[in-house]
Amino acid sequence: MTSKEKYLVIAHYHRRGLIRSDICNLIKISNKLFKKIIFVSTNLKKTEEKKIDKFAKIIVRPNYGYDFYSWKTGIEFLKKNLKDPYNKKNIIHLIPSSLLYLKPVLFLKKILSLKNFDNTVYGLAKSWEICEHLQSDLFIFSLNLFKKKQFHNWWNKIKKFKTRQIIIYKYEIGFSQFLDSQKIKKLS
């Protein structure tokens, strides 16, 4: 089933500004499954854009804030460009380009089969390093959560840090702690 309400935001970084072939393949396959794909890169050569520009909206931004700031950028794009961005049928999928997508069809089948997004954020995996939290390998939730002032404010407060450890504490662990404080379910 192709859904007209599913959106994919990919946070991309490559030291030399390249897009790996598995990411290109994932995007091409995803094009038929998502209403819109937003590819947010912090380092992308112009020549690489041609590989995916028919399949994704490409946004290039300065290299700070890691994946969370790229996802924030993609979410902002959707909120500005969707007619009814907070409709509970609008499901957003946030993924990094750092994962290796060897079996994209299997990966997409699994994440697109998820249901029941009422007050729920899905993640790919949990980590118990430091404390229990959803890892930032994948987040899926309804844009309807942005109707909650606290959820909206949490994403709006994401800042441009350059230190990976600060990002992990403030955003990866912080997001899970925030979800717990708001009684939003975390499933992996």
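Here are three short exercises on aromatic ring pairs in this predicted model.

**Exercise 1.** Work out how the rings of Phe 141 and Trp 155 are arranged, and which parts of the chain they join.

*Solution.* Start with the total: the model has 23 aromatic pairs. In the pair of Phe 141 and Trp 155, the ring centres are 6.1 Å apart and the planes meet at 40°. Planes under 30 degrees apart would be stacked and those over 60 edge-to-face, so this pair is tilted. Next, look at where the residues sit: Phe 141 belongs to strand β8 (residues 139-142), and Trp 155 to helix α5 (residues 149-156). The pair therefore ties together parts that are 14 residues apart in sequence.

Now check burial, which requires under 20% relative accessible area. Phe 141 has 0%, so Phe 141 is buried. Trp 155 has 2%, so Trp 155 is buried too.

**Exercise 2.** Repeat the reasoning for Trp 154 and Phe 175.

*Solution.* Here the ring centres lie 4.8 Å apart with the planes at 35°, so this pair is tilted. Trp 154 is in helix α5 and Phe 175 in helix α6 (residues 164-181), so you are looking at a link between distant parts of the chain, 21 residues apart. As for burial, Trp 154 counts as buried at 13% relative accessibility, and Phe 175 counts as buried at 0%.

**Exercise 3.** Find the cluster that ring pairs build around these residues.

*Solution.* Take the four residues you have met: Phe 141, Trp 154, Trp 155 and Phe 175 are among the cluster's members. Then add Phe 68, Trp 71, Phe 139, Phe 146, Phe 151, Tyr 171 and Phe 178, and the cluster is complete.

Technical notes. Residues numbered from 1 in each chain as written. Predicted model: local features only at pLDDT ≥ 70, side-chain atom pairs only at ≥ 80, totals over all residues. Heavy atoms only, no water. Phe/Tyr/Trp six-rings, centres within 6.5 Å; stacked < 30°, edge-to-face > 60°. Helix = DSSP H or I, 4+ residues; strand = E, 2+ residues; numbered from the N terminus. Buried < 20%, exposed > 50% of the residue type's maximum accessible area, 1.4 Å probe, protein only.
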